[in-house]
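Please walk through this model step by step, from its sheets to its packed helices and a few single residues.

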Amino acid sequence: MTILLLGSGGREHAFAWKMIQSPLCEKLFVAPGNAGTAGIATNVAMSPTDFDAIKTFVLQEKVGMVVVGPEDPLVKGIYDYFKNDESLKHIPVIGPSKLGAQLEGSKEFAKEFLMKHNIPTAAYDSFTAETVEKGCDFLETLQPPYVLKADGLAAGKGVLIIQDLEEAKTELRNMLVHQKFGAASSKVVIEEFLDGIELSCFVLTDGKSYKILPTAKDYKRIGEGDTGLNTGGMGAVSPVPYVDAVLMEKIETRIVKPTIEGFQKDGIEYKGFVFIGLINVKNEPIVIEYNVRMGDPETEVVVPRLKSDLVELFLSVADQKLDSFELEVDPRSATTIMVVSGGYPEDFEKGKVITGLENITDSIVFHAGTKLEDGAVLSNGGRVLTITSYGDDFQQAIKKSYQNIDKLNFDKMYFRKDIGFDLL
């Protein structure tokens, strides 16, 4: 079959890398893709949110399945767009409905869903510009640090964790009154801070049954020792070494099952990934947030550990036959290290020539923000490349990734040298 994959990051390159291994994938298009996907599939200069252009392309190329990488098209309703169009409704879209995508599109919607279905999460309240002073009063009832979350999509950067009460009040006003994150922070969720170790649980569901994918942990901060500004993610490890069978059983019974049952009770159509951001507080898993797609860079360690055919897996989701699919997972560890542009996540320069890619051995390079120009691979984003390796344990895998990063170069290239530091 012919497949269209939407997106342009490391997550999409990892999906593409895995899907083209399937005998079911005859042709793969990636819109818009990057220099990495260009080497293994056909890039299409098309925005993932231009649904009319996507419709024209899908019909013209006889596309048999659409796989959605990023959250934007899902929140904007690409699933519903296909479902409600006579000429498109036979083409499966891997991703939730617009209503389901509100789990990521609105922090308040997600918190209400969690509370309604008795899924463990932090205490919270939400505020707008009109109720900003009530928000300041609510902050006074909490213990520091204070967690402020922009309600809407802010590209992974709309969460502030602040130690000082007065600073938290100032930032709340900045978000609500001065629109620090634009429309995304026209509403802000304030919640109690949970102290523990974070991890990500990835679930694929056809709306009725589900498969839990390998666990992963990513590292969000730009600086070593988890310091500095939040980024889209600087590296990831899978599996998470401290997640034992007891914790996994708690995650499944208290969080995964009630989430999928909640979709059914609330009439939410959901055929796609549920990314559950968790925190392990004294061996009790608590939900921090939902995302409605795979994480990035977690995909770059989770997908390489899947032995099963990914296209076959997606088809079983589309046909609601996921319960009979046997998911096979590679027992080895996988790690990935993100190489970024100097200055990221603040101001950075693009267009830097990347050298050394041909020297990488025993690791997989996934392109995150790159483009091809006159035969050269250039940096084209904040996060540029991610280097994934396998190992008998995560330390061995990490060592391989770092050895290969030493062979790469571009102007002002930066990476964290301590991924996995907290797991030793």
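The paragraphs below take up the strands, the helices and some selected residues in turn.

The model is a predicted one, in which local features need pLDDT of at least 70 and side-chain atom pairs count only at pLDDT 80 or more, while totals for chains, interfaces and linings use all residues. Residues are numbered from 1 along each chain as its sequence is written, and side-chain values use heavy atoms, with hydrogens and water left out.

A convenient starting point is an open sheet of four strands, whose order is β6-β9-β7-β8 and whose pairing is antiparallel; strands here are DSSP runs of E with at least two residues, helices are runs of H or I with at least four, and both are numbered from the N terminus. Two strands are said to pair if DSSP finds at least two bridges between them. Because β6 (124-128) and β8 (159-162) each have a single partner strand, they stand at the edges, and one side of each is left without a neighbour in the sheet. Neighbouring strands of this sheet are turned by 20 degrees against each other on average, direction ignored. Within the sheet, β7 (residues 146-150) and β9 (residues 187-191) pair in the antiparallel sense over four bridges, and A150 has V188 in β9 as its bridge partner.

Two helices pack on this sheet, contact being defined as heavy atoms within 4.5 Å. Helix α8 (residues 132-140) touches β6, β7 and β9, and its direction makes about 155 degrees with that of β6. Helix α9 (residues 165-176) touches β6, β7, β8 and β9, and its direction makes about 5 degrees with that of β7. Such angles run from 0 to 180 degrees between N-to-C directions, with axes taken as lines fitted to C-alpha atoms, for helices over the stretch in contact.

Elsewhere, strand β16 (residues 272-281) is mostly covered, since 10 of its 10 residues are buried, which means under 20% relative accessible area, whereas exposed means over 50% and partly exposed lies in between (1.4 Å probe, protein chains only). Strand β16 pairs in the antiparallel sense with β10 (residues 197-205) over nine bridges, and T205 stands opposite G272 in β16. With β17 (residues 284-291), β16 pairs in the antiparallel sense over seven bridges, and I276 has Y290 in β17 as its bridge partner. The hairpin of β16 and β17 has two residues between the strands, and K282 takes a positive phi near 50 degrees there.

Beside these strands one may consider K250, which lies in helix α10 (residues 245-265) and counts as buried because its relative accessible area is 14%. Leaving aside neighbours within four places in sequence, K250 is in contact with I255, N283, E284 and P285.

A further helix pair is formed by α1 (residues 10-19) and α12 (residues 310-318), which pack at an angle of about 100 degrees with their axes 8 Å apart. The two helices α1 and α12 are therefore roughly perpendicular to each other, a class that covers 65 to 115 degrees, with angles under 35 counted as roughly parallel, over 145 as roughly antiparallel and the rest as oblique. The contact is made by F15, K18 and M19 of α1 and by L310, V311 and F314 of α12.

Finally, P70 is found in the loop between β4 (65-68) and α4 (72-75), and P70 is buried, with a relative accessible area of 16%.
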